[in-house]
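User: I am new to this structure. Please walk me through it in short questions and answers.

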Amino acid sequence: MKTKQAEKTDSFMSIAGQEHVKRALEVGAVNGDNILMIGPPGAGKSMLATAYSQLINGHSYAISHGDGVKDIKRDYSEMDKLIIADDLPELRRDVLHYIKELSIKFGTAVIATMQQCPCGYLTDTFKLCSCTPPQIQKYRNKVSGSILGIFDIIIEVPAVPTRSIMDNLAGNYQSEPIKDVQLRIRKALKSSNCELDQDCMNIMETAQSKLGLSAGVVWRIIKISRSIASLEGSEKIEAQHIAEAIQYRVVSL
């Protein structure tokens, strides 16, 4: 387990499909938000995590099953601006709490992955899930409550359609170069929009009422919508920015 800098290859160009996830990573990169990606095996979650590291121009430190807090404290460097936590529910409980501590106390960004269930195929159309309800609940309970609460963006990463894979292999899949995305992010960092108009307030009140959003989640939605507005060069947060931000918070677990 070693600290490493994001690879220099263009991660975005090598990922077939998942445009909505790439958009979420772009939004999150404006402020170095914490992101949780949920999806089946082979959906590209690990590649997307590498892409996020490139977007925030930071060193990353990968944590995986079997790593302990002592390992992290020994190898983790102040240069590492991003924690990559693969299969979050399978990490040791003390490691989960240490990741939370790094995020809250030291502002370290976190991008993590998990599945809907231990085998990963709970919602798969073609593969049958082999997990029992208690196994699924136990898996999800590992990241409930305060651990789940550190994430600003929660996004589903579905299986990639075969057509997208074939187009990518044939060189026919058109994906935006990561350098163009990084340019938008740099421009967004210079923005200072902060106003919420009445339409935004109405949308937030409706969402909070219907979805039972906590005050913390409402604050995160407003923060994310500010990043979206900045990326679009808007002088204020508008209704469509709030609507998009809400989509990054309604994934059910």
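User: Which residues does methionine 37 touch, leaving out those up to four places away in sequence?

Analyst: A word on the source: this is a predicted model, where local features need pLDDT of at least 70, side-chain atom pairs count only at pLDDT 80 or more, and totals for chains, interfaces and linings use all residues. Residues are numbered from 1 along each chain as its sequence is written, and side-chain values use heavy atoms, without hydrogens and water. A contact means heavy atoms within 4.5 Å. On that basis, methionine 37 touches Val21, Lys45, Leu48, Ala49, Ile111, Ala112, Thr113, Met114, Ile155 and Val157.

User: In the largest nonpolar core, which residues touch the most other members?

Analyst: A nonpolar core is a set of buried Ala, Val, Leu, Ile, Met, Phe, Trp, Tyr and Cys residues joined through side-chain atoms within 4.5 Å. Buried means under 20% relative accessible area, exposed over 50%, and partly exposed in between, with a 1.4 Å probe and protein chains only. The largest core has 44 residues, and those touching the most other members are Leu25, Met37 and Ile111.

User: Which helix gives this core its largest share?

Analyst: Helices are DSSP runs of H or I with at least four residues, strands are runs of E with at least two, and both are numbered from the N terminus. Eight residues of the core come from one helix, spanning residues 215-231. That helix is H10.

User: How many residues are in the other core?

Analyst: This core lies apart from the largest one. Among its members are Tyr76, Ile83, Leu96 and Val251. Its size is 26 residues.

User: Is strand S4 largely enclosed or largely open?

Analyst: S4 covers residues 80-85. Five of its six residues are buried, so the rest of the structure leaves S4 largely enclosed.

User: How many bridges join S3 to S4?

Analyst: Strands pair if DSSP finds at least two bridges between them. S3 (residues 59-63) and S4 run parallel, with serine 60 opposite leucine 82. The bridges joining S3 to S4 number five.

User: Which residue of S5 stands opposite leucine 82?

Analyst: S4 also pairs with S5 (residues 109-114), in the parallel sense and over four bridges. Leucine 82 faces a partner there: alanine 109.

User: What is the hand of the β-α-β unit made by S4, H5 and S5?

Analyst: Picture the strands pointing away from the viewer: a crossover is right-handed if the path from the first strand over the helix to the second runs clockwise. The S4, H5 and S5 unit is right-handed.

User: What kind of aromatic pair do tyrosine 61 and tyrosine 76 form?

Analyst: Rings of Phe, Tyr and Trp (its six-membered ring) pair if their centres lie within 6.5 Å; planes under 30 degrees apart are stacked, over 60 edge-to-face, and the rest tilted. The structure holds one such pair. Its centres are 5.7 Å apart and its planes at 90°, so the pair is edge-to-face.

User: Where is aspartate 87, the residue with a positive phi?

Analyst: Most residues other than glycine have a negative phi. Aspartate 87 is not a glycine, yet its phi is about 50°. Its relative accessibility is 22%, so aspartate 87 is partly exposed. Aspartate 87 sits in the loop between S4 and H5 (93-106).

User: Which residues does glutamate 90 touch, leaving out those up to four places away in sequence?

Analyst: Glutamate 90 is in the loop between S4 and H5. At 33% relative accessible area, glutamate 90 is partly exposed. The residues touched are His65, Tyr139 and Lys142.
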